[in-house]
Amino acid sequence: MEKSKYIWFNGNFVNWEDAKVSVMSHTLHYGTGVFEGIRARHCSDGTYIFRLFDHVERLYQSADAYNMKIPYTKEEITQAIKDSVHQNNLSSAYIRPLVFFGEGEMGLLPKNVPVWVSISAWNWGAYLGDDAGNSGVKVCISKWKRISPQSFKPYSKGVGGYMNSTLAKVEAVKNGYDDAIMLGDGEVVAEGSGQNVFSIKKGVITTPPIETGALGGITRKTVLELCKELNIETKEQNLTVDDLKTSDELFFTGTATEVVGVVSIDGDNIGSGLPGEITKTIRSKYLDVVNGRDKMYSHYLENVK
Ligand SMILES: Cc1ncc(COP(=O)(O)O)c(C=O)c1O
């Protein structure tokens with residue numbers, strides 16, 4: 001990890017090394033926290049954060065879902081996120097706001113436990129590797145199912161739920177794959193370990209609905225909007241593993257991942273075994289939008305100053 005100088009911690013910037021918590025923090029014991037993953041990019045006239053408003057909204061919705069009251073206003077957190085990039089002199093950054101229970105009383109009921117907030121920003125390249133954009137990624141169908149809406153709130157980014165994503169990712173990498181696709185309850189596809197998934201067949205794009213346990217990804221939402229402009233038909237509809245394996249093209253979306261082709265599942269090629277033409281078109285459009293080259297979407301970009 002390329003460390004930055006400062007981390008915003010409970011209202012102030014402290015040196016990266018000094019942003020520390022007690023081992024008795026509630027979240028360390030019970031996984032009770034929520035977080036966001038946001039990107040800032042170097043555009044032609046400065047550094048801009050993509051869809052900051054939506055990320056802050058989702059952070060508060062996640063906190064609410066897990067009964068946490070963030071002790072700052074949305075405006076304060078929005079400013080702190082921008083400042084975390086600016087103060088660290090980062091021209092591009094991955095930004096990780098984390099809301100967690102600190103040290104207070106022990107026990108499952110978070111009583112008399114403070115809600116702490118940290119915002120870290122650092123330089124982080126392509127999540128699935130520098131080649132992923134051009135060559136695509138190879139995935140397996142995970143033996144681990146995505147957290148169920150019957151036992152978690154998968155539409156929010158809750159810390160503890162990511163033990164499930166980690167199981168899938170570790171298993172996939174151990175078996176020589178780049179990542180994994182997870183099923184939800186029943187036999188329907190939910191999403192990747194940290195990405196939403198899209199299938200393309202006969203020019204129509206399908207992505208699993210949120211009810212499968214998939215996260216309501218901000219990149220997913222963006223891609224659905226871009227498809228409308230590109231006149232590509234989209235559907236939010238259940239998909240089976242067979243639907244995925246017989247797709248003409250497949251791709252992943254996510255803030256860290258961006259838009260990346262999935263070129264094989266369990267060793268079987270999807271289409272030609274390379275990212276397909278529609279995937280490439282959407283990826284290129286997405287990169288234009290997030291890098292400020294498409295003025296139609298400039299309202300999604302917020303300057304860090
Ligand atoms: C489990 C999971 N699904 C999907 C996504 C993609 O969401 P977004 O596009 O908002 O980054 C992420 C990343 O945050 C994730 O962790």
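A residue counts as buried if 20 or more other C-beta atoms lie within 10 Å of its own. The exercises below use this term on a predicted model.

**Exercise 1.** Describe the overall build of the chain, starting with how much of the chain is buried.

Solution. Step one: of the 305 residues, 46% count as buried. Step two: for a chain with 305 residues, a compact globule would have a radius of gyration near 19 Å, and the chain has 19 Å, so the two agree. Step three: along the principal axes, the C-alpha atoms fill a box of roughly 55 × 45 × 30 Å. Step four: the secondary structure consists of eight helices and 17 strands. Step five: take the contacts between residues at least 6 apart in sequence; 68% of them join residues at least 24 apart.

**Exercise 2.** Find the domains of the chain and describe how domain 1 touches domain 2.

Solution. Step one: domain 1 covers residues 6–122, and domain 2 covers 132–290. Step two: their centres, taken over C-alpha atoms, are separated by 26 Å. Step three: the contact takes 22 residues from domain 1 and eleven residues from domain 2. Step four: on the side of domain 1 that touches domain 2, the elements giving two or more residues are β3 (33–35), β4 (38–43), α2 (52–65) and β6 (93–101). Of these, α2 gives the most, with six residues. Step five: sorted by class, this side of domain 1 has eight nonpolar, eight polar and six charged residues.

**Exercise 3.** Compare the span of helix α6 with the expected span, then list the buried residues of α6.

Solution. Step one: α6 runs over residues 218–229, which is twelve residues. Step two: the expected span is 1.5 Å times one less than the number of residues. For α6 this gives 16 Å, and the helix reaches 17 Å from its first C-alpha to its last, which is close. Step three: the buried residues of α6 are Ile 218, Thr 219, Arg 220, Thr 222, Val 223, Leu 226 and Cys 227. Step four: after the helix comes Asn 231, with a positive phi near 60 degrees.

**Exercise 4.** Which residues come nearest to the ligand, and which element gives the largest share of the shell?

Solution. Step one: 14 residues surround the ligand, and Gly 217, Ile 218, Thr 219, Gly 254 and Thr 255 come nearest. Step two: two elements, α6 and β14 (249–254), give two or more residues to the shell. Step three: the largest share, three residues, comes from α6. Step four: by class, the shell has two nonpolar, ten polar and two charged residues.

Terms used
Residues are numbered from 1 along each chain as its sequence is written. This is a predicted model: local features need pLDDT of at least 70, side-chain atom pairs count only at pLDDT 80 or more; totals for chains, interfaces and linings use all residues. Helices (H or I, at least four residues) and strands (E, at least two) are DSSP runs, numbered from the N terminus. The radius of gyration is taken over C-alpha atoms; the globule rule is 2.2 Å times the number of residues to the power 0.38. A residue is buried if 20 or more other C-beta atoms lie within 10 Å of its own, exposed if 12 or fewer, and partly exposed in between; C-beta atoms are placed from the backbone. Two residues are in contact if their C-beta atoms, placed from the backbone, lie within 7 Å. A residue is near a molecule or strand if its C-beta atom, placed from the backbone, lies within 6 Å of it. Ala, Val, Leu, Ile, Met, Phe, Trp, Tyr, Cys and Pro count as nonpolar, Asp, Glu, Lys and Arg as charged, and the others, Gly among them, as polar. Domain bounds come from an automatic or database domain assignment.
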